[in-house]
Amino acid sequence: MLTVKGTYSKAIRHVLILLVGLAMLYPVLWLLSSSFKPNQAIFTDTGLWSHSFTFDNYKNGWKGFQGVSFSRFFGNSALISILCVLGNIVTCSLAAYAFARLDFKLKKIWFALMLVTIMLPYHVTLVPQYIIFSKLGWINTFAPLILPKWLAHDSFFILLMVQFIRGIPRELDESATIDGCGQGKLYLRIILPLLTPALISTAIFTFIWTWDDFFSQMIYISDIKLFTVQLGIRALYDPSGSSDWGALLAISVLSLLPITLIFLMFQRYFLEGIATTGLK
Amino acid sequence: MRTSRRLPIHSHNRTAYAFLLPWLIGFFCLTLGPMLGSLYLSLTKYNLLRPPEWIGFANFKQIFTNDATFTHSLQLTFVYVLLSVPLRIIFALLVALALNKGIRGLGIYRTVYYIPSLLGGSVAISIVWRQIFDSEGVINAFLGWFGLEGPAWIANPDYLIYPIVTLSVWQFGSAMVIFLAGLKQVPADLYEASQVDGAGKIRQFFSISLPMLTPVLFFNLIMSIINSFQAFTPAYVIGDGHGGPLDASMFYTLYLYLKGFSYFDMGYASALAWIMLLIIAVFTGIIFATSRFWVFYGDGKGGR
């Protein structure tokens, strides 16, 4: 039974949580509303509801610069992200299957090394990786961004999948083996379908992290035709202050759109993925 | 993937290594090899154009004795880590506790609080941050309602660290979701029993919730520290991209990037990277070593 005092304090808590939530979303709402304001109103009219409403920012922003439009940048980002997602799904699940289900020499050592690489800061391999890729003539190609994912370089996802596969009952494997399934078939027909939730988590996180991965993109890509969305935004933006803010903010909104949509669509997997594995 | 059908069930050496092949190639060519490579390069002078020139420990000597920017960037990064990690975790914990009390619409709140973690790493949000913390921006307008005059957060080097820390704390949602999951695991009868014994809300938090959450806390702490040391995009975009104004945004990774990829002093950058690795290793080592004193793995006796 709820007492009056109980309902009262509950209401207060509710309001508080709501207010904090709104404050949290404020920067995002500010971005959204400013992107529809005419340039001169963005900094004078600080309210969220605008008196003047325009799509010009989107039109201007989409034009891009130096004759390359943002459709190109979005296309590049999408291509890179999708190829990275595929790479991680295929190669991480292969490795995870071996670690979770197969017995082989030196397994413990490899597994320990795999765990260590999760915590390794990226920078300690950065310079030699750059040198290798530049000797291969791959600077200003997407290869340095995509190839690592096809070599299961994000060992984080291997761990996620190993833990997931360990939760799949072994009886399934055994009965399949008796029915004459080899390891390859077992992986393809039994494990992979059951691994779907972990694969979806992996796909979502890989997509988002690749989409947002400004650092590697900046290092490996300088040709405007190969620019990604992040590089495009950074190029539109001039820290000394003479940017076309309306266009910049409009493109910023668009750049966040794919991630947000994916999040809202797959929220369930997403939040469960974080909760069970402690991603990010 | 090819399989050999005649393998005995108990040892799958060849099959297993076939499955592991991509990872193994990656491990040797993208991790181990480059790590050794950067260790070697850290002892050389190298600019991509001419072959590396062996100089022994000269890079390290220079870094530790004669590089004010290194000292400054390390300090700045420490300040950032020491401010943002605890604040982020405390916020995550508080909001998780508030949400855990069976509130209506939990799903919506969880989504709302998570969205910053989702978007926060992008260049776009860093740009927004720069703008709302501008001296004419929303934050100072808000402070103005209370009669406070906010400083020039972005232009004044003494204050620039605060917007950057705020951006990190703003993304507490991912840690919060992990805490929420951890809180769900706490058996309800613990609370009931303690209530019977007359424990108040605060006592319950320190004697039940907190000890039960320590494994999650431990994990969050390690990952947050590792990630915070490597923060780059906010410093790069909220600052001017060269560490300014007056080196106020010269985070460690930004300094490393500028050394390696602006000045092409790749030996020096490699030395910086190895120092960073050692610092992170020491930090995580300390947390691991102390964990047995404060991380509580349920043994049925109740946490202290």
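Of the 280 residues of chain A, 41% count as buried. This is a predicted model, and the report takes its two chains in turn before turning to their contact.

**Chain A**

Chain A is built from 14 helices and has zero strands. Read along the sequence, its pattern is therefore a run of α elements, α-α-α-α-α-α-α-α-α-α-α-α-α-α, with helices and strands taken as DSSP runs. Its radius of gyration is 24 Å, whereas a compact globule of 280 residues would have one near 19 Å. Long-range contacts are frequent in chain A: among contacts between residues at least 6 apart in sequence, 72% join residues at least 24 apart.

Two residues of chain A have an uncommon backbone angle. Most residues other than glycine have a negative phi. Gln66(A) is not a glycine, yet its phi is positive, at about 50 degrees. Gln66(A) sits in the loop between helix H2 (56–62) and helix H3 (70–101) of chain A. Is Gln66(A) buried or exposed? Gln66(A) is exposed, because it has 8 other C-beta atoms within 10 Å, and 12 or fewer count as exposed.

Leu106(A) also has a positive phi, near 65 degrees, and is a residue other than glycine. Leu106(A) lies in the loop between H3 and helix H4 (107–119) of chain A. With 11 other C-beta atoms within 10 Å, Leu106(A) is exposed.

**Chain B**

Chain B has 13 helices and two strands. Its residues are divided into domain 1 (13–41) and domain 2 (59–294). The C-alpha centres of these two domains of chain B lie 32 Å apart. In chain B, 65% of the contacts with a separation of 6 or more are between residues 24 or more positions apart.

The overall values for each chain are set out here.

| Chain | Residues and buried share | C-alpha span along principal axes |
|---|---|---|
| Chain A | 280 residues, 41% buried | about 70 × 70 × 35 Å |
| Chain B | 304 residues, 41% buried | about 75 × 75 × 35 Å |

Chain B has a radius of gyration of 24 Å, against the value near 19 Å for a compact globule of 304 residues.

**A kinked helix in chain B**

Helix H10 (residues 201–229) of chain B has 29 residues. How far apart are its end C-alpha atoms? They are only 35 Å apart, short of the 42 Å that a straight helix would reach at 1.5 Å a residue. H10(B) has a kink of about 50 degrees at Thr214(B). The proline Pro215(B) follows shortly after the kink.

Many residues of H10(B) are listed as buried, including Ser209(B), Pro211(B), Met212(B) and Leu213(B). Val216(B), Leu217(B), Asn220(B) and Leu221(B) are also among them. So are Met223(B), Ser224(B), Ser228(B) and Phe229(B). Which helices do the buried residues of H10(B) pack against? In chain B, they pack against helix H3 (68–99), helix H7 (161–170), helix H8 (173–184), helix H12 (252–261) and helix H13 (266–294).

**Where the chains meet**

The contact takes 66 residues from chain A and 80 residues from chain B. On the side of chain A that touches chain B, the largest share comes from helix H1 (residues 4–34) of chain A, with ten residues. What kinds of residue make up that side of chain A? They divide into 42 nonpolar, 18 polar and six charged.

Key: Residues numbered from 1 in each chain as written. Chains lettered and ligands numbered in written order. Predicted model: local features only at pLDDT ≥ 70, side-chain atom pairs only at ≥ 80, totals over all residues. Contact = placed C-beta atoms within 7 Å. Helix = DSSP H or I, 4+ residues; strand = E, 2+ residues; numbered from the N terminus. Nonpolar A, V, L, I, M, F, W, Y, C, P; charged D, E, K, R; others polar. Domains from an automatic or database assignment. Expected span 1.5 Å × (residues − 1). Bend = angle between axes of the 7 residues up to and from the residue. Buried ≥ 20, exposed ≤ 12 C-beta atoms within 10 Å, placed from the backbone. Rg over C-alpha atoms; globule rule 2.2 N^0.38 Å.
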